[in-house]
Amino acid sequence: MSTTRRDLIRRLRLLLVLATATTLALFFAYRGVHDDTVPLSTASTPGIRAVDTARSALRQANAVVRETGAEGDTSGEFLTQISVAQQSLALAASENVTGLTGRHDVQTVTGLIAVYSGWVERRGREPEGSPLRAAYLHYAEKVLGLEAEAGTEGDIMSRLDALRGEQLAEARRQAAFPWQLWLGWCAVAVLYAALCGALLETQRFLRHRFRRPVQLRLLAATAVCAVGVPVLARQTLSAHRAMTDSVAGVQVPPAVPDAVPEGAGEVRGALADAGFWASLSDLIPLGGAVVAALALWGLWPRIAEYRFRSQR
């Protein structure tokens, strides 16, 4: 009695199981990395750079006050830098990197900037040579946190440092590759190899049993696997490297104010296509369904043929 039908059914079941398992493993492993690329590129790193811009603008504003004397206390340059700082903080709040706590911190800093500006304006209203000018500058810089680099917990710079630290911690979490992801991608590699091996073995079986050199439907299923999974895996590796580089790029605040926009541009460039590649996760189930359908389409006619033979 021929065992061909039973062999075909067994191979079809194996292919369907492997296609389903590989699809699920690839879907969750791929999303485990790419679900964080878009938030990192569009929220976390811009939020960090916004804080850096605010810090730089406030330092430049204070430098204007110190260098230009009374006429500089409320000069256009001072007000411009204060406006830049406030707009940058509004951007940091809108990115919502650290949630409600971060927004509250930004609101607090914004209020302290108003206090700082108030002391500077009071200094500017005092005549040249007045001892109150030095006192008001002392109070302003104490609020700003420039009297000592360590600062205090309540000054602007210390609060911005703390906010930046929280944002950086979130960016590091997004760029991390924990053991769960390693395990997921190892599972993808094993299942992918098993699926490709099963497809090739099935084609070899059909070629020997039915004397047909090529089974086009199974060959198409093999091609989908052979191309799709390596491309997605390679892009995931590239995305993870770009995420790591982006976090490294914002690790330390730029020492030069002009380096802030330059660094922001480098981060955006590293993850420029993050949204496109993240959206491809929705196509993974479709690809798995195509492989399963091709396997079923390729084997079922043969299985049905042997069923009709057995009935005769």
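A pocket, as used here, is an open set of grid points with protein on both sides within 12 Å along at least five of seven lines, and its lining residues have an atom within 4 Å of a point. Keep in mind that this is a predicted model.

**Exercise 1. Describe the lining of the largest pocket.**

Step 1. Start with the space: the largest pocket holds about 330 Å³.

Step 2. Go to the walls. The lining is made of 18 residues, and those nearest the centre are Leu26, Val224, Gly228, Leu232 and Gly287.

Step 3. Now trace the lining back to the fold. Helix H1 (4–34), helix H8 (216–249) and helix H11 (284–311) are the elements that each give two or more residues. H8 gives the most, with 7 residues.

Step 4. Sort the lining by chemistry: you get 13 nonpolar residues, 5 polar and no charged.

**Exercise 2. Work out whether Cys196 and Cys225 are bonded or too far apart.**

Step 1. Recall the cut-off: a disulfide needs two cysteine sulfur atoms within 2.5 Å.

Step 2. Check the distance. The closest cysteine sulfur to that of Cys196 is in Cys225, 5.2 Å away, so the two are too far apart for a bond.

Step 3. Look at the whole structure: the count comes to 0 disulfides.

Step 4. Add the surroundings. Cys196 is buried at 13% relative accessibility, while Cys186 is partly exposed at 44%.

**Exercise 3. Follow Arg173 through its salt bridges with Asp36 and Glu170.**

Step 1. Take Asp36 to begin with: its side chain meets that of Arg173 in a salt bridge, 3.9 Å from N to O. Asp36 sits in the loop between H1 and helix H2 (37–68) and Arg173 in helix H6 (residues 156–175), so this pair ties together parts 137 residues apart in sequence.

Step 2. Turn to Glu170, where the closest N and O atoms are 2.9 Å from those of Arg173. Here the partners are 3 residues apart in helix H6, about one helical turn.

Step 3. Compare the exposure. Asp36 is buried at 16%, whereas Arg173 is partly exposed at 45% and Glu170 is partly exposed at 22%.

**Exercise 4. Place the salt bridge between Glu141 and Arg66 in the chain.**

Step 1. Get the distance: the two side chains meet at 2.5 Å, N to O.

Step 2. Locate the partners. Glu141 is in helix H5 (residues 131–144) and Arg66 in helix H2, so to speak distant parts of the chain, 75 residues apart.

Step 3. Check exposure: Glu141 is buried at 7%, but Arg66 is exposed at 53%.

Step 4. Zoom out. The structure holds 10 salt bridges, and Arg11, Glu201 and Arg204 are linked in a network of them.

Methods. Residues numbered from 1 in each chain as written. Predicted model: local features only at pLDDT ≥ 70, side-chain atom pairs only at ≥ 80, totals over all residues. Heavy atoms only, no water. 1 Å grid on protein atoms, 1.4 Å probe; cavity = no way out; pocket = protein on both sides within 12 Å on 5 of 7 lines; lining within 4 Å. Points joined across faces, edges and corners; volume = space filled by probe spheres on them. Helix = DSSP H or I, 4+ residues; strand = E, 2+ residues; numbered from the N terminus. Nonpolar A, V, L, I, M, F, W, Y, C, P; charged D, E, K, R; others polar. Buried < 20%, exposed > 50% of the residue type's maximum accessible area, 1.4 Å probe, protein only. Salt bridge = Lys/Arg side-chain N within 4 Å of Asp/Glu carboxyl O.
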